[in-house]
Structures are given as structure tokens and as C-alpha cells.
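Take a look at the structure below. This report covers a pair of helices, the empty spaces, and a few unusual spots in the backbone.

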Amino acid sequence: MLRWLVRLLLLLLAAAGATYWVAGRGAPPVIAIQQPVRFIGQAGTLDLTVEAPDGRLTSLVVALEQNGLTLPLFNLSGTLTGAESGTVTQTGPNTIRVTRALGKQSVPELQQGSARLVVSASRPSLLDLRTLSSSAAKDLEVRLDPPRLAVLSTHHFVNHGGSEMVVYRATPSDVTSGVRVGEIEYPGFPLDGAGAAGTGGDLRVAFFALLTEQDLNTPIAVFARDEAGNQATARFVDNVFPKPIRRSRIEIDDAFINRTVPDIIANSPELKMAGPSTDLLGDFLRVNGELRRANAAQIAGFAKQTSPTKLWTAPFVQLGNSKVEAGFADHRTYLYDGREVDQQVHLGFDLAVTKNVPVVAANDGVVLSASWLGIYGNCVIIDHGLGVQSLYGHLQGFEVKTGDRVTRGQTIGRSDSTGLAGGDHLHFTMLVNGQMVNPVEWWDPHWIQDRIDRKLSESGTPGQ
């Protein structure tokens with residue numbers, strides 16, 4: 001009997017040991033720090049997740065180590081209801097998310113310089129026999145001072161619907177900067193890419209615009225923003241000039257719709273239409289409104305492909321011997337059977353000569369697109385660098401392809417009436433960071449000299 005009891009005891013001890021060993025083989029919590037990424041500023045967010053079976057944790061401690069001090073940020077002990085200094089949510093069957101404010105405003109002890117974020121977590125093992133622990137750390141930089149800004153160029157005058165350029169210094173050189181017009185941001189580019197000699201790494205140039213749909217009193221300022229969220233701004237515009245609003249009334253009929261809309265629908269899968277419907281006017285309104293907006297967004301997307309180098313040297317050229325059939329910012333009212341059915345703003349120039357005339361590149365650049373583009377039909381978009389681009393619509397075909405380098409005056413296609421066009425002409429517009437702007441300024445050598453060349457020349461040597 002005694003021998004049997006000894007064997008049973010040994011078996012129980014072995015089973016207990018095996019169970020304890022298995023419990024220790026479980027996976028510890030998995031920690032992922034989403035925010036901050038690299039920097040901490042005046043204000044920011046701590047955002048991290050911890051994965052454990054059923055989201056069950058025995059402890060979770062978050063601290064920031066800096067200059068020999070440990071600054072506690074979060075401490076979770078026992079249950080989720082014991083959370084301190086943060087918000088805890090269970091975002092999945094096994095995932096716990098912790099968020100809280102993290103910056104000088106919420107942690108006054110923070111100092112400028114390097115810091116280390118440390119997270120430790122533990123969970124119970126199988127049958128709660130052991131505690132499984134893990135930790136994660138991230139090296140960060142605390143930036144508490146806002147970037148520094150200085151506008152270097154002078155005489156900034158903006159026409160409503162038109163463009164302007166500013167040269168400025170943004171320090172440190174790794175900040176995001178540019179010009180903010182209302183809610184729209186126009187990026188800055190290194191000044192040496194604009195061909196100004198002797199410039200430093202913290203000097204920038206930015207083209208921007210006051211769009212026709214924006215108010216004349218829309219705030220315009222240079223901005224600089226670092227990854228820690230610190231920001232500086234500076235107003236610099238001397239004056240804004242209104243421009244008269246042109247208005248026109250355009251009669252459309254079934255013949256026009258039948259000639260233009262079916263081809264547009266066939267070449268515009270974004271409309272998700274198998275083909276024209278029996279509602280001719282409804283089809284036109286979808287093309288003139290929904291597709292027009294989708295095309296504008298697609299055109300704006302090409303701004304991301306711009307070169308950081310100024311690719312042109314001479315003023316832009318207008319289609320030779322052309323007659324202006326419609327101007328920029330023409331407010332159009334469309335009539336069908338004598339009644340008003342739609343309103344749109346025409347953001348370009350319609351230029352006509354005779355049928356199928358050669359269309360030339362307005363300036364040196366790189367072809368970003370040579371393809372069908374909704375209401376513009378066969379369309380070419382050329383990048384001239386620094387966010388400046390040009391668009392040529394309603395072409396018959398293409399004599400260039402995407403990626404081609406073109407020179408000022410080079411033939412890129414021929415005029416036609418593809419897309420939503422009432423007759424053979426070229427639809428031309430200029431783009432600044434994807435926004436359509438008045439081409440008249442870019443055709444004017446005096447405007448190019450005063451608004452661009454003069455500022456670049458004056459800013460060639462960095463100021464103090």
C-alpha cells in the first residue's frame with residue numbers, strides 16, 4: 001500500500017510539474033506602440049495596444065524615462081476598472097487599447113531632448129499558475145519649441161483665382177512647410193530646386209492660389225509644422241484683388257447630349273453606368289456634375305507627382321492665333337427646353353483656331369498623363385515642377401505619352417471636340433498643386449518676371 005501511495009504521489013508531482021511547465025510555455029502579452037512615432041511636442045497622444053487571451057492582463061505599466069527620471073504615464077493593476085491616467089477599451093476579443101494625452105501640456109515634467117517610452121505588461125498563464133510578462137520600448141525626441149519662419153521675398157499680390165509665389169526660411173530643415181490658404185495647404189520645395197544659386201537647406205519656395213470659390217478675405221499664411229505637432233505661421237500677402245465674375249447661359253439639347261455623353265460614359269467606369277439610359281437629361285447632369293467632380297479630384301492627385309525642380313525657364317505660351325471662346329471662372333447656367341437645369345464654373349480657357357490644329361506644350365516639362373479624362377476627353381497633363389502643371393483637353397489624339405519630356409512649343413496633339421465639348425477647341429488651364437488657376441498670369445512675361453524670377457534672384461543669397 002505504501003509503495004502504491006508513493007507512486008501516486010510521484011505521478012501527481014510529475015503532473016503538477018508538467019502543468020506548471022506547460023503554463024510557463026504560454027505566449028506573453030504582445031505590445032504595439034502606435035503613437036507617438038518619433039516625436040513628442042506640446043500636445044500629442046499616447047496610443048498602444050496589448051494582445052492577450054480574452055484581453056486579460058494582470059498589469060500594464062507605461063512610463064517615460066528622461067534625464068535619469070521616470071515619469072509614470074499609465075498603470076493598470078488587476079482589472080480594467082483599475083485604469084489610471086488613460087482610457088482603456090477592448091477593441092477585439094484579445095486586444096486592449098490604451099490612449100491618453102502625451103505632451104508638455106499633460107506631462108509638465110517633460111524637457112526638450114531625447115526620451116524613452118517603456119511599456120511592461122503581464123497576464124496570467126494557464127490555470128493562473130504563473131505570470132507571463134513582456135516589455136517594449138521606443139526611443140523618442142521631445143520637441144517643445146515651435147519651428148521658426150521668416151519670409152524673404154517681397155511684394156506679394158494675389159488676384160482672385162490667380163497664383164503667387166513666396167520664398168521663405170523654415171527651421172529646422174526637416175519640418176513640413178508651405179502656404180495655407182483657408183483649409184488648403186500648398187507645399188514648399190527646397191529653393192535650390194528653383195535654380196537660385198547659393199541657397200541653404202532651410203530655404204523654401206511655394207506656389208499657391210486664392211481659388212475662385214474662396215472668399216477674398218480667406219486667411220493666407222506661410223506655415224511650418226514639425227512631427228511633434230508644433231507649428232508656426234506668418235502672414236505675408238500685401239494685397240488681394242477681386243476679379244469680375246463672368247456669367248453665361250448655355251443651351252443644351254438632345255442632339256448635343258447624344259453626341260457627347262455616350263462616349264464619356266463608355267470611357268468613364270467611375271460612373272458605374274453600363275451605358276446611356278433613356279433619361280438623356282439625367283445622364284448629362286451626372287456627367288456634368290458627378291463626373292466633373294471626380295475628374296477634378298483625379299487631376300488634383302497628379303500634384304503628388306510633381307518634380308521638386310523647376311523645369312521651365314521662359315514664360316508659358318498660349319495656343320498660337322487662337323480665339324478665346326470661353327474664359328476662366330466663367331459661371332455657366334445650363335438650359336434644357338428653356339429651363340435652368342444646372343450650374344457649373346468653367347475653370348479654364350477654351351481656345352479655338354480651326355479644326356484639328358496642332359496643340360503645343362505651354363512650357364518645358366514631363367508628361368504625367370496622356371489618356372481619356374472624363375469631361376475633358378483625350379487629355380494631356382504636363383508637370384513643370386514645384387507643383388506647377390498644365391492641362392490640355394478635348395484633343396483628337398496624342399503625339400506624346402506618359403513619361404515623355406517635352407519642350408516649350410512642342411506639338412503634343414491636335415484640337416478636337418472629345419469629351420464634353422460643343423465644338424473643336426482646346427480647353428487649357430494651369431494647375432498649382434492640383435488646383436485650377438487663371439492661365440492669363442502664366443502667359444504674361446511681366447508677371448513671370450515680377451512674381452517669380454525677381455523673387456528667386458533676390459533670394460539667391462540666404463538672408464541672415
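How do helix 2 and helix 3 lie relative to each other? Their axes come within 10 Å and cross at roughly 55 degrees. An angle under 35 degrees would count as roughly parallel, and 65 to 115 degrees as roughly perpendicular. The two helices are therefore oblique to each other. The crossing of helix 2 past helix 3 is left-handed. This is a predicted model, and the values here are computed from it.

Which residues make the contact? Helix 2, residues 254-266, brings Asp 254, Phe 256, Ile 257, Asn 258, Val 261, Ile 264 and Ile 265. Helix 3 answers with Leu 280, Leu 281, Asp 283, Phe 284, Val 287 and Leu 291. By class, this contact has 10 nonpolar, one polar and two charged residues.

**Pockets and a cavity**

Now turn to the empty space. Rolling a probe the size of a water molecule over the atoms shows where such space is left. The table lists two pockets and a cavity.

| Space | Volume | Classes of lining residues |
|---|---|---|
| Largest pocket | about 750 Å³ | 16 nonpolar, 11 polar, eight charged |
| Second largest pocket | about 320 Å³ | eight nonpolar, seven polar, four charged |
| Largest cavity | about 50 Å³ | eight nonpolar, one polar, no charged |

Start with the largest pocket, at about 750 Å³. It is lined by 35 residues. The closest to its centre are Arg 292, Val 345, His 346, Leu 347 and Ile 375. Several elements give two or more residues to this lining, among them strand 20 (246-252), strand 22 (330-336) and strand 23 (339-346). Which element gives the largest share? Helix 3 does, with five residues. Helix 3 thus appears twice in this report: it touches helix 2, and it also helps to line the largest pocket.

The second largest pocket has 19 lining residues. His 160, Lys 243, Pro 244, Arg 246 and Asn 438 lie nearest its centre.

How many cavities of 30 Å³ or more are there? The count comes to one. Its lining consists of Val 317, Gln 318, Leu 319, Leu 351, Val 360, Ala 362, Tyr 392, Leu 426 and Phe 428. No charged residue is among them.

**Unusual spots in the backbone**

Most residues other than glycine have a negative phi, and most peptide bonds are trans. Three places depart from these habits, as described next.

The peptide bond from Gln 35 to Pro 36 is cis, with omega near 0 degrees. Pro 36 sits in the loop between strand 1 (30-35) and strand 2 (39-40).

The bond from Thr 171 to Pro 172 is cis too, again with omega near 0 degrees. Where is Pro 172? The loop between strand 12 (163-171) and strand 13 (176-181) holds this residue.

Asn 356 stands out by its phi, which is near 55 degrees. That value is positive, in a residue other than glycine. Asn 356 lies in the loop between strand 24 (349-352) and strand 25 (358-360).

Notes. Residues numbered from 1 in each chain as written. Predicted model: local features only at pLDDT ≥ 70, side-chain atom pairs only at ≥ 80, totals over all residues. Heavy atoms only, no water. 1 Å grid on protein atoms, 1.4 Å probe; cavity = no way out; pocket = protein on both sides within 12 Å on 5 of 7 lines; lining within 4 Å. Points joined across faces, edges and corners; volume = space filled by probe spheres on them. Helix = DSSP H or I, 4+ residues; strand = E, 2+ residues; numbered from the N terminus. Nonpolar A, V, L, I, M, F, W, Y, C, P; charged D, E, K, R; others polar. Axes fitted to C-alpha atoms, helices over the stretch in contact; angles between N-to-C directions. Parallel < 35°, antiparallel > 145°, perpendicular 65-115°, else oblique. Left-handed = near helix turned anticlockwise from the far one by under 90°. Contact = heavy atoms within 4.5 Å.
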